[in-house]
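This briefing is written for a bench biochemist who wants to read the model alongside its sequence. Please keep both in view while going through the points below.

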Amino acid sequence: MFPTTDLWQYLQTVQKPILLYGMGNGADKVHAVCAERQIPIADCFASDEFVRGQLFHGRRVLRYDEAKAQYGEFIVLLSFATSRSEVLERIFAIAGEQELYVPDLPACGDTLFDAEFAGAHREALAENAALFADDRSRQLFWDIVSAKLTGSLSLLQKTVCDPAEVWANILHPADYRCTADLGAYTGDTLRELLTYAPNLCEAWAMEPDRRSFAKLCAWGENEPRLHLHAHQLGAWHKRDTLFFTDAGGRGSTLTAAGRKQVEVEALDALVGDAHIDYIKFDVEGAEHEALRGAEKTIRRCRPELLISLYHRGEDLVRLPPLVAGLCPGYRFYLRRMAGVPAWDINLYAVPEESEG
């Protein structure tokens, strides 16, 4: 069904030197897991344009050609996230020369999706895979599980899907008139949605990050097609005040270690009796709470849904049964968009009546 060992266990047995590719927060996380598991890291390198004599954990960051000159053959642990085509091409070029892996670390929280975790949740994973309506989703689920465990770049690439296929074959954007975008960022996904939804005229948007929210509002003021209800709020299951990193983009998460206070609210309380046709949940690890806060809207309106399944290590185990409980009479699909590591994994929930 899936591997019983993982990348970390393999790295404990290798003789080649292990180098990190990247020097940011992702590299710090990979370094910490390796240190905890007594996996020695020989060095760190970065793309040439970023190397300016920086230090990473006391060592000067190398260029790739310097790493090759010093170590010859080595194991590369990719330690950053990207979906940019030119960066992906560079990663694949390095993988053609070296033994390269993509470690799976949670964007939020501390749960590591390793062999121990997967083994402990084997039955739950099997039950979740069976929830999906098509063979492609079920196979994709297991391929993603295997890629997360092994760090295989080729297997991860196998899981990439075409976004246009989702809009054409799974969702029904021509029927959308009102949407709710939870984790609206700067309006990027609303802009994409407008290209597929010709009748969309109203949107409720929740975005807690102040800089992203300002850009969202500026865009909304100049978008004549859309009546935008923008709220600087995090999506949650009730009204509350929490802490937030306020870092912008994927770095902005609700966390006890955050520096900024942020107001959070349930979607149900925000939209009232408005009829919502489509809801996107991409809220940087708060998907479980945001879904609970949208239960009344989901049951009342039966909208189509997109739910991110990758921010927390436990998401593949915890979120599908929650969605299934909230959405009786729905069909479920799984797709993953391009990029590394195993991020941008989306669960799509579609009412059976929408599929005719």
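In this predicted model, the charged end of Lys 148 is placed over the ring of Phe 113, at 5.1 Å from the ring's centre. A comparable arrangement involves Arg 191, which lies over the face of Trp 219 at 5.5 Å from the ring centre. The points that follow take up aromatic pairs, the nonpolar cores, cysteines, one sheet and some backbone features.

**Aromatic pairs**

- The count of aromatic pairs in the model comes to 15.
- Phe 2 and Trp 142 are one such pair, and because their ring centres are 5.9 Å apart with the planes at 20 degrees, the pair is stacked.
- Since Phe 2 belongs to the segment before helix 1 (7–11) while Trp 142 belongs to helix 7 (residues 135–150), this pair ties together parts that are 140 residues apart in sequence.
- Both partners are on the inside by the accessibility criterion, as Phe 2 is buried and Trp 142 is buried too.
- Tyr 176 and Tyr 278 also form a stacked aromatic pair, with 4.9 Å from centre to centre and 10 degrees between the planes.
- This second pair likewise links distant parts of the chain, for Tyr 176 is in the loop between helix 9 (163–169) and strand 8 (178–182), whereas Tyr 278 is in strand 14 (residues 278–281), 102 residues apart.
- Tyr 176 has a relative accessibility of 1% and therefore counts as buried, and Tyr 278, with a relative accessible area of 4%, is buried as well.
- Apart from these pairs, one aromatic cluster is formed by Tyr 21, Phe 45, Tyr 64, Tyr 71, Phe 74 and Phe 80.

**Surroundings of Ser 146**

- Ser 146 is located in helix 7, and its relative accessibility of 12% is under the 20% limit, so Ser 146 counts as buried.
- When neighbours within four places in sequence are left aside, the residues in contact with Ser 146 are Met 1, Phe 2, Pro 3 and Leu 155.

**Nonpolar cores**

- In soluble globular proteins, nonpolar side chains tend to be buried together.
- The largest nonpolar core in this model has 101 residues, and those with the most contacts inside it are Phe 45, Leu 182, Phe 281 and Ile 298.
- Helix 7 supplies the largest share of this core, namely seven residues.
- Setting aside neighbours within four places in sequence, Ile 298 is in contact with several residues, including Ile 279, Phe 281, Leu 291, Leu 326 and Tyr 330.
- A second core, separate from the largest one, has 21 residues, among them Trp 8, Val 51, Val 61 and Leu 112.

**Cysteines**

- The structure holds zero disulfides.
- Cys 301 is in no disulfide, since the nearest cysteine sulfur, belonging to Cys 178, is 8.4 Å away, whereas a disulfide would need the two sulfur atoms within 2.5 Å.
- Cys 301 has a relative accessibility of 8% and so counts as buried, and Cys 161, with a relative accessible area of 7%, is also buried.

**A five-stranded sheet**

- Five strands form an open sheet in the order 5-2-1-6-7, and their pairing is parallel.
- Strand 5 (62–63) and strand 7 (99–101) are the edge strands, each of which pairs on one side only.
- Strand 7 and strand 6 (residues 75–78) pair in the parallel sense over three bridges, and Glu 99 in strand 7 is the bridge partner of Ile 75.

**Backbone features to check**

- Most residues other than glycine have a negative phi, and most peptide bonds are trans.
- Val 340 and Pro 341 are joined by a cis peptide bond, with omega at about -5 degrees.
- Pro 341 is found in the loop between strand 16 (330–336) and strand 17 (345–351), and Asp 344 lies in the loop between strand 16 and strand 17 as well.
- Asp 344 has a phi near 55 degrees, which is a positive value in a residue other than glycine.
- Glu 284 also has a positive phi, near 50 degrees, in a residue other than glycine, and its place is in the loop between strand 14 and helix 13 (287–292).
- With a relative accessibility of 14%, Glu 284 counts as buried.

Note on methods: Residues are numbered from 1 along each chain as its sequence is written. This is a predicted model: local features need pLDDT of at least 70, side-chain atom pairs count only at pLDDT 80 or more; totals for chains, interfaces and linings use all residues. Side-chain values use heavy atoms; hydrogens and water are left out. Rings of Phe, Tyr and Trp (its six-membered ring) pair if their centres lie within 6.5 Å; planes under 30 degrees apart count as stacked, over 60 as edge-to-face and the rest as tilted. Helices (H or I, at least four residues) and strands (E, at least two) are DSSP runs, numbered from the N terminus. Buried means under 20% relative accessible area, exposed over 50%, partly exposed in between (1.4 Å probe, protein chains only). A charge sits over a ring if NZ of Lys or CZ of Arg is within 6 Å of the ring centre and within 35 degrees of the ring normal. Contact means heavy atoms within 4.5 Å. A nonpolar core is a set of buried Ala, Val, Leu, Ile, Met, Phe, Trp, Tyr and Cys residues joined through side-chain atoms within 4.5 Å. Two strands pair if DSSP finds at least two bridges between them.
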